Amino acid sequence: MSPDFLFTVLLLVSAVAGFVGSLTGLGGGVVLVPVYTLVLGVPIEYAAGASLVSTIATSLGTSVAYVRDRITNVRIGMSLEVATSLGALTGSLAVALIYSLGLQRLVYVVFGAVLLLSSYTQMKVLTTARRARPPPDRWTKRLRLYGRYYDALEGREVEYYGVRWWLGALVMFSAGVVSGFLGIGGGALKVLAMDWAMALPIKVSTATSNFMIGVTAATSSAVYWTHGYIQPFLASATALGVLLGAFAGSRILPRLKSRSVRLIFTAILIILGLQMILRGVWS
Amino acid sequence: MELEDLVVLVMRAGLLVSVALLIGGVLMTLLGPTGVADVRSPVNSSAYPLSRLLHTLPSAPSAVAVMFMGLAALLATPLIRVTLAVLEFAKEGDWIYLGLTFLVLLILLISLFLPSIRV
């Protein structure tokens, strides 16, 4: 492949991944890494490295507006970053050990399994109803997990609080491990931590998750950097492409019927997940 | 200035600087000698440690070095954001959050200075 052509292909693939990732809230990495490895023949270390670095760019680019409009709860986000970054450090060191042992196929299998699990949660999103919110607990008071934001759809100020910080932090730790291990943002698990465990509003959860991904991914990127998983041309082209796609996605998001998007995306996740597992088992 | 506004400022500036460097580096690669533009290129971050990046760039501003500077700017932005939060919580005398953000900073610094695993 000539350099110009390679750049065009990388930019296109990553832009599409970033676009789809932002529409579904799963981020670009879950599509990017399988397509890079299975279709373009990129070594999985480089694919994960490029994907991880691009999640920092997306987090910076897309969370600014939510922080400015105070939909992101910066305080709650920062309280949970301890757990995600510790998880990211654990996950990235674990995968570095696995790569150095030459067990790349194990990473393929884990990636495939995570894709299949994500497809299951995507289906669940389609069916879950509103739940009752538990009363404030001692974590709410000690860490002052209160907040308010202006809901443009409902046209009013919404007051909220978070509970069970310890449970949220536990899920956040595993989100960090997954992110560092596979080189993806891990946004779906972060949203689960805040929405399901801490009973925060879904808008606040997604915006805050987006904000936290930068710090999580920076921690594991530093480990990836030392180990040489970041190929400059690949990572640069990918970061620019995913960023472009994510911006486009966030513009279109409010005008889309999310149900059909989710259904198509779920199908893609299942296909890619199975392919990754097959590749890991038979390579 | 509120913490939120400070965060917005840092993220905007960090993204701007890194995108400019990434675009510059990619253009330099496409216009110049192009050994690095290959999906299996052996040129990777292990030869460009973050600690030495600032020393190598001014002497030889190669396409690869410029791209790595852009990527380093991406990594540095969350680090700066966390550092500012630590300072802000210290100023407010908010000890719990000072402790939490300081731990995050510590973990980030550990990840930066940890040696690589060789088996």
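## Salt bridges, interface and fold in a predicted two-chain model

A search of the whole structure, a predicted model, finds 10 salt bridges over all chains.

Me: How many salt bridges are counted between chain B and chain A?
Reply: The rule accepts a Lys or Arg side-chain nitrogen within 4 Å of a carboxyl oxygen of Asp or Glu. Arg70(A) and Glu2(B) pass, at 3.6 Å from N to O. Between chain B and chain A the count is five.

Me: Which residues are linked with Arg70(A) in a network of salt bridges?
Reply: Arg70(A) pairs with Asp5(B), with the closest N and O atoms 3.4 Å apart. Arg70(A) sits in the loop between H3 and helix H4 (74-100) of chain A, and Asp5(B) in helix H1 of chain B, so this pair joins two chains. Arg70(A) also meets Glu2(B), at 3.6 Å. The residues linked with Arg70(A) are Glu2(B) and Asp5(B).

Me: Is Asp5(B) buried, partly exposed or exposed?
Reply: Buried needs under 20% relative accessible area, and exposed needs over 50%. Its partner Arg70(A) has 24%, so Arg70(A) is partly exposed. Asp5(B) has 32%, which makes Asp5(B) partly exposed.

Me: What is the area buried between chain B and chain A?
Reply: The contact involves 62 residues of chain B and 62 residues of chain A. Carbon and sulfur atoms give 74% of the buried area. The total is about 5,400 Å².

Me: How many residues on the side of chain B that touches chain A are nonpolar?
Reply: Across the interface, 18 residue pairs are in polar contact, both residues at pLDDT 80 or more. On the chain B side, the elements giving two or more residues are helices H1 (3-31), H2 (50-59), H3 (63-92) and H4 (95-113). The residues of that side include 10 polar and nine charged ones. The nonpolar count is 43.

Me: What separates Lys91(B) and Glu88(B) along helix H3 of chain B?
Reply: Their side chains meet in a salt bridge, at 3.8 Å from N to O. Lys91(B) is exposed at 69% relative accessible area, whereas Glu88(B) is buried at 11%. The two are three residues apart in the helix, so the separation is about one helical turn.

Me: Which residue forms a salt bridge with Arg148(A)?
Reply: The closest N and O atoms of the pair are 3.4 Å apart. Arg148(A) is partly exposed, at 48% relative accessibility. The partner is partly exposed too, at 41%. That partner is Glu157(A).

Me: What radius of gyration does chain A have?
Reply: Chain A holds 11 helices and two strands. Its C-alpha atoms fill a box of roughly 55 × 40 × 30 Å along the principal axes. With 283 residues, a compact globule would come near 19 Å, and chain A agrees with this at 18 Å.

Me: What share of the residues in chain A is buried?
Reply: Contacts between residues 24 or more positions apart account for 78% of those with a separation of 6 or more. Ser51(A), in helix H3 (residues 44-68), is one buried residue, with a relative accessible area of 0%. Ser51(A) touches residues including Gly29(A) and Ile184(A). The buried share of the 283 residues is 59%.

Me: Which side chain makes a polar contact with the side chain of Thr238(A)?
Reply: Thr238(A) lies in helix H10 (residues 232-252) of chain A. At 0% relative accessibility, Thr238(A) is buried. Beyond four places in sequence, Thr238(A) touches Ser14(A), Leu32(A), Tyr36(A), Ala50(A) and Ser54(A). The polar contact, at 2.8 Å, is with Tyr36(A).

Me: What phi does Ala199(A) have?
Reply: Most residues other than glycine have a negative phi. Ala199(A) is in the loop between helix H8 (187-197) and helix H9 (202-227) of chain A, and is buried at 6% relative accessibility. Its phi is positive, although Ala199(A) is not a glycine: about 55 degrees.

Me: Where is Arg144(A) placed?
Reply: Arg144(A) is not a glycine, yet has a positive phi of about 45 degrees. At 38% relative accessibility, Arg144(A) is partly exposed. Its place is the loop between helix H6 (138-142) and strand S1 (146-151) of chain A.

Terms used:
Residues are numbered from 1 along each chain as its sequence is written. Chains are lettered from A and ligands numbered from 1 in the order in which they are written. This is a predicted model: local features need pLDDT of at least 70, side-chain atom pairs count only at pLDDT 80 or more; totals for chains, interfaces and linings use all residues. Side-chain values use heavy atoms; hydrogens and water are left out. Contact means heavy atoms within 4.5 Å. Buried area is the accessible area (1.4 Å probe) that two parts lose on being put together, summed over both. A polar contact is a pair of N or O atoms within 3.5 Å; within protein, one must be able to donate a hydrogen and the other to accept it, and residues adjacent in sequence count only if both atoms are side-chain atoms. Helices (H or I, at least four residues) and strands (E, at least two) are DSSP runs, numbered from the N terminus. Ala, Val, Leu, Ile, Met, Phe, Trp, Tyr, Cys and Pro count as nonpolar, Asp, Glu, Lys and Arg as charged, and the others, Gly among them, as polar. The radius of gyration is taken over C-alpha atoms; the globule rule is 2.2 Å times the number of residues to the power 0.38. Buried means under 20% relative accessible area, exposed over 50%, partly exposed in between (1.4 Å probe, protein chains only).
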